[in-house]
Amino acid sequence: MTEPELEPVYLDYAASTPVDPAVAEAMIECLRAQGGWGNPSSTHVFGRRAAERIEAARRQVAALIGACPEEIVFTSGATESDNMALLGIARANAHRGRHVVSSRIEHKAVLDPCKHLQREGFAVTLLTPGRSGTIDPRAVTAALRPDTVLVSLMLVNNETGVIQDIEAISALCRDRGIPFHTDAAQAVGRIPIDVHSLAIDFMSFTAHKLYGPKGIGALYVRAGAKPHLQPLTFGGGQEKGLRPGTLPTHQIVGFGVACERAGALLGQESERLMLLREALWSRLASLGGTHLNGEGEPRVPGILNVSFEGVEGESLVKGLGELAVSTGSACNSASAEPSYVLRALGRDTELAQSSLRFSFGRFTTAAELERAANAVRRELERLRALSPASEGPEDVRAAWPTRTGGAGIMGEAGGPGQEVWVRFRLQVRHGSVCSASFKAYGCPHTLAVAAWLAARLEGRSRAELIPGRPEDWARELAVPVEKLGRLLRIEDALHECLRHWPAEV
Ligand SMILES: *Cc1c(COP(=O)(O)O)cnc(C)c1O
């Protein structure tokens, strides 16, 4: 009998948190409740029941961030809240100026609206963080112009977990009368937040990052800041006309319960998670060649972002099937670039490519993180041993005689710091390959193709050494066409072998 396969350890809380059972219960109850399904805008009893539930939830949401219930505008999530804030504030203030300040490490939900604003004729200054991932308040001051109408800087970075000095930044904006928005999707429920003491005018957050359901979030709009915000959509006038549309009662009820629980558990949870994070880091640091991204800065307890020297992140993740983690590598993601956040922190491409983000929370146990650290150790050792970098200069020779009367040859392409680095070694006797081995560093496609080729070289003569064309390998191993360049590098290594092929053996 085989053991039933273990469910992977979920270490991607920064992408989305599991829904708390109490939240799910409250949502189901709401959907089933007598009249809870009414349209909250209706004035009859069915509508009033729904509206009452929504207002109770609005109080729970507001309480978590120190706001008044009237300052909460429900949205579909942080992406919508960010869009509302960026586009809505800039447009509402366009008559005063057309300059916006944000940063390079924002979520795409802020960066993409920034690009859109540029197309609308706004100038956007994107600040670069220091090496540890924080934006210096002095850099914000320096970036402000007489025509600046909005500063938007995130509270907690979703990749590194670094907490920005929002207190100083929001205060300097308030002093100058410039509206300040913060994307707090990773912060709300994870660190204590009091919007009023922080001089925040607008704040985005979302339920599914704090054990609530997807598809519901909020934009905090400070009482008095409403004139700075123009709605993006128009309809039935709900949410003070800022975000019209029938409110999803059960989603909002779930959001409310999630906020209440987050507030109640915050103190004990952050202490527990901090200890878990430090234990995980000390295990990983002991593996050597590890870099903590965001080191030395205040960080949320549930995120640990580490770069591992000498391995590629996507390959690391591929071998970590028992863990659900995310990587800053871009091998399989839609964008061609490795983590722009880690690059902005000054990490070189290779270290940005080799990063893993471990994010954990309410349901994570110490045993799960121990299992994670053990799995990482195993994979790291395997990939590092597979890498050409594992061999010393004395092992790297182009051609050499062998004891069996044949010859050894080597072909290499790429090198340290490049996205592909492969090395083939062949033993040639009586005009054909009698054994082949390889070393490789790179994305999973690179490793797979190198291994696949090495297994096919035995028995081949010089004339037929290379089994087909890179296009064929790509088809055979389902490598996306964008990665063909990497396969061409691998082919280069085989061509290099041909150049060293012994004259007669
Ligand atoms: C998750 C996240 C978002 C997007 O939130 P959604 O509710 O999924 O739209 C925006 N900003 C940050 C920092 C996030 O972590």
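This report describes a ligand site, a sheet, several salt bridges and a surface patch in a predicted model.

**The ligand site**

Around the ligand there are 13 residues, and those that come nearest are Thr79, Asp183, Gln186, Thr206 and Lys209. Thr79 places a polar side-chain atom 2.5 Å from an oxygen atom of the ligand. Ala78 takes part through its backbone instead: one of its backbone N or O atoms lies 2.9 Å from a ligand oxygen atom. In His208, an N or O atom of the side chain is 2.8 Å from an oxygen atom of the ligand. On its own the ligand has 380 Å² of accessible area, and the protein covers 87% of that area.

**An antiparallel sheet**

An open sheet is formed by 4 strands, in the order β9-β10-β13-β12, with antiparallel pairing. The edges are taken by β9 (290-292) and β12 (326-327); each has a single partner strand, so one side of each is left without a neighbour in the sheet. Strands in a sheet are held in pairs by backbone hydrogen bonds, and the pairing can be parallel or antiparallel. Between strand β10 (residues 303-308) and strand β13 (residues 355-359), the antiparallel pairing runs over 5 bridges. Within this part of the model, Leu304 stands opposite Phe358 in β13.

**Salt bridges**

The structure holds 28 salt bridges. The table gives the N to O distance for three of them, including one within a helix.

| Salt bridge | Distance, N to O |
|---|---|
| Glu55 and Arg58 | 2.8 Å |
| Arg91 and Glu120 | 2.5 Å |
| Arg469 and Glu491 | 2.6 Å |

Glu55 and Arg58 both belong to helix α2, where they are 3 residues apart, about one turn of the helix. Are these two side chains buried or exposed? Glu55 is partly exposed, because its relative accessible area is 33%. Arg58 is buried, because its relative accessible area is 7%, and the limit for buried is under 20%.

The salt bridge between Arg91 and Glu120 links distant parts of the chain, with the two residues 29 residues apart. Arg91 is in helix α3 (residues 78-92), whereas Glu120 is in the loop between α4 (108-119) and β4 (123-127). Arg91 counts as partly exposed, because its relative accessibility is 29%. Glu120 is partly exposed too, with a relative accessible area of 29%.

The salt bridge between Arg469 and Glu491 also links distant parts of the chain, here 22 residues apart. Arg469 lies in the loop between α12 (444-454) and α13 (470-476), and Glu491 lies in helix α14 (residues 484-499). Arg469 counts as partly exposed at 39% relative accessibility, but Glu491 counts as buried at 8%.

Some salt bridges share partners: in this way Glu322, Arg378, Glu379 and Arg382 are joined into one network.

**A nonpolar patch on the surface**

Which residues make the nonpolar surface patch? Trp37, Val45 and Phe46 make the patch, which has an area of about 300 Å². Trp37 is found in the loop between α1 (21-32) and α2 (45-65). Trp37 counts as exposed because its relative accessible area is 59%, and the limit for exposed is over 50%.

Technical notes:
Residues are numbered from 1 along each chain as its sequence is written. This is a predicted model: local features need pLDDT of at least 70, side-chain atom pairs count only at pLDDT 80 or more; totals for chains, interfaces and linings use all residues. Side-chain values use heavy atoms; hydrogens and water are left out. Patches are made of residues with over 30% relative accessible area and no salt bridge: like charges are joined within 9 Å, nonpolar side chains (Val, Leu, Ile, Met, Phe, Trp, Tyr) within 5 Å. Accessible areas come from the Shrake-Rupley method with a 1.4 Å probe; for residues, only the protein chains shown count as cover. A salt bridge is a side-chain nitrogen of Lys or Arg within 4 Å of a carboxyl oxygen of Asp or Glu. Buried means under 20% relative accessible area, exposed over 50%, partly exposed in between (1.4 Å probe, protein chains only). A residue is near a molecule or strand if one of its heavy atoms lies within 4 Å of it. A polar contact is a pair of N or O atoms within 3.5 Å; within protein, one must be able to donate a hydrogen and the other to accept it, and residues adjacent in sequence count only if both atoms are side-chain atoms. Two strands pair if DSSP finds at least two bridges between them.
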